[in-house]
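Student: I have the file open and want to go through it piece by piece. Can we start with the sheet?

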Amino acid sequence: MSVIEVEHLRKRYRDVVAVDDVSFTVERGEIFGILGPNGAGKTTTVEIIEGLRTPDGGTVRVLGLDPRRDGAELRQRVGAQLQESELPDKLKVWEAMELYSSFYDRPADWRRLLEDLGLADKHDTKFGKLSGGQKQRLSIALALVGNPEIAVLDELTTGLDPQARRDTWELIDGIRNRGVTVVLVTHFMEEAERLADRVAVIDAGRLVAIDTPAGLVSRLDSGQRIRFQPTTPLDDWILTELPEVHSVQRSGAQVVVTGTGDLLQAVISVLARHHVVAAELRMEQANLDDAFMALTTHEERS
Amino acid sequence: MNRLAKLTFTELKLFLRDPTAVFFAVVFPPMLLGILGAIPAFREPSEDLGGQRVIDLYVPIMIGFVLAMLALSVLPTYLATYREKGILRRLSTTPVQPSSLLLAQLAMGVGMALVAVTLVLGIGVVVFDTAMPGQLLGYLVAFVLAAAASFAVGLLIAAVAPSGKAASGIGSILFFPMMFLAGLYFPREVMPEVLRRIGDFTPLGAGVQALQDATTGAWPQPLHLAVLAAFAIGASLTAAKLFRWE
């Protein structure tokens, strides 16, 4: 069941087109990533979903409602974590949680939320004294305090150190397990690859692809690449014969084989049959980073 | 309503954690009245002042000081900081709209003004035997209009200031000339006619004079009440037009 339906969405700021004919749906219970370079229109798209901005064209339905007309009801049911939004420096963690929970008709137990997010010992700490990671976790807690059906998290881990980023990812997995649908805006490939069930790639306001992270990667031609150094001379044809192999190249003493499917298995067995030992064997797999570059750079050229 | 009360209470707590603001807006005005009253000459009736004592004149001036601090400095600095930090925007994604935070700030400011004014009036009456308002209704009307005019100007500052620092800067730049014209450095009674005339057309000058007149038992002059009402309406309408939530 779709909880968010976006159709032919358009938004322009003066002469800049921020969002250009973007359509997608988000299913209940999934983590939906919106990925794109800075300034691609990701934030504008989710701000329209949150009802903070009015689109110039297209339709948006969130939980079957119109974010502009039914804003009051949606704000009860959608939690948001905004990019670069803070709290007063002197507001204590528990005060923020208690205050924000009082805004909602059916709030979550904010004490448990603080425990779940590892902030229980920061209960009495002022916002200004929290570390970047702690502020971010508090921000997630505030997005969840209204017991939302959908949580929109914008640039969640920007500015966090790698450890804090990994900790935050664990938390997002936990949010999914609560049955909350998560819309995750990010420009980190690793984050999308690690967390998202499906990813929409947006570039210069346009939707360039929408797929699972693995699906996006498999769109790349040379999916896999194997490098090794044969211990005995090797004829290329024994490799090129294999259906999995696309190409064989030599680079110095190294052989570089590209292909798809069970490439590694096929190459190793054929080498074994010919009594060739592959030294320094390394397998390189294209990742979402490569897929993203391939998807967005060709857009830039046009 | 419950949400607004909760927000107001939170704003009050945050204000009380800001020792500089609490000192200058709430503690300093009654304290300054006490210091001035400690000078014996200021407790003697003076012919230059129409038989009044300096200490009598400083009661409404200190009330003007309280309004200036809370309305021109505290309110716009807080609101502009909240906008700068994205707090107002954050609120617009919750069931509470950011205008509630503005109302909470106003309620907190007016509440603290009442506390400080009570302290000023109380110390004046109890310690220095200053007069209770002779024309009570006129005094209340003058106070309500003076507060409305000051807070409206404060909202206008919050509307145009791009950041919390800018708001605090604009507040201080306005504070000194406005308090000068209200008689902080020397009372309006001993000012040159031209300065007093200019002061008549400022919110604090008109406000202090209206309170002063009502203290002596007269109804405040229509000019001063009209100036206060004009500032209250004009500044708040302009602020409403210019205010941005993000």
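**Sheet, helix and interface**

Tutor: This is a predicted model. In chain A, three strands make an open sheet in the order β2-β1-β4, with antiparallel pairing.

Student: Which are the edge strands?

Tutor: β2 (16–27) and β4 (57–62) of chain A, each of which pairs on one side only.

Student: And how are neighbouring strands turned against each other?

Tutor: By 15° on average, with direction ignored.

Student: What packs on the sheet?

Tutor: Helix α1 of chain A, residues 42–49, packs on it and touches β1, β2 and β4 of chain A. The direction of α1(A) makes about 120° with that of β1(A).

Student: Back to the strands. How many bridges join β1(A) to β2(A)?

Tutor: Nine bridges join β1 (residues 2–13) of chain A to β2(A), and the two run antiparallel. As an example, A:Leu9 has A:Val22 in β2(A) as its bridge partner.

Student: Different topic: α5 of chain A. How far does it reach?

Tutor: Helix α5(A) covers residues 132–144, 13 residues, and reaches 19 Å from its first C-alpha to its last. That is close to the 18 Å expected at 1.5 Å a residue.

Student: Which of the residues in α5(A) are buried?

Tutor: A:Gln136, A:Arg137, A:Leu138, A:Ser139, A:Ile140, A:Ala141, A:Leu142, A:Ala143 and A:Leu144 are buried.

Student: What do those buried residues of α5(A) pack against?

Tutor: Two strands and three helices of chain A: β5 (78–81), β6 (150–154), α3 (93–101), α4 (110–116) and α6 (162–177).

Student: Now chain B. How many helices and strands?

Tutor: Chain B has ten helices and zero strands. Its radius of gyration is 18 Å, close to the 18 Å that the globule rule gives for 246 residues, so chain B is as compact as a globular protein of that length.

Student: What box do its C-alpha atoms fill?

Tutor: Roughly 60 × 35 × 30 Å along the principal axes of chain B. Of the 246 residues in chain B, 48% are buried.

Student: What about contact range in chain B?

Tutor: Counting contacts in chain B between residues at least 6 apart in sequence, 77% join residues at least 24 apart.

Student: Last one, the interface. How many residues of each chain are in contact?

Tutor: 15 residues of chain B are in contact with 20 residues of chain A. On the chain B side, α1 (2–16) and α4 (87–91) each supply at least two residues, and α1(B) gives the most, with four.

Student: And by class?

Tutor: The side of chain B that touches chain A has four nonpolar, five polar and six charged residues.

Technical notes
Residues are numbered from 1 along each chain as its sequence is written. Chains are lettered from A and ligands numbered from 1 in the order in which they are written. This is a predicted model: local features need pLDDT of at least 70, side-chain atom pairs count only at pLDDT 80 or more; totals for chains, interfaces and linings use all residues. The radius of gyration is taken over C-alpha atoms; the globule rule is 2.2 Å times the number of residues to the power 0.38. A residue is buried if 20 or more other C-beta atoms lie within 10 Å of its own, exposed if 12 or fewer, and partly exposed in between; C-beta atoms are placed from the backbone. Two residues are in contact if their C-beta atoms, placed from the backbone, lie within 7 Å. Ala, Val, Leu, Ile, Met, Phe, Trp, Tyr, Cys and Pro count as nonpolar, Asp, Glu, Lys and Arg as charged, and the others, Gly among them, as polar. The expected span of a helix is 1.5 Å times one less than its number of residues. Two strands pair if DSSP finds at least two bridges between them. Axes are lines fitted to C-alpha atoms, for helices over the stretch in contact, and angles run from 0 to 180 degrees between N-to-C directions.
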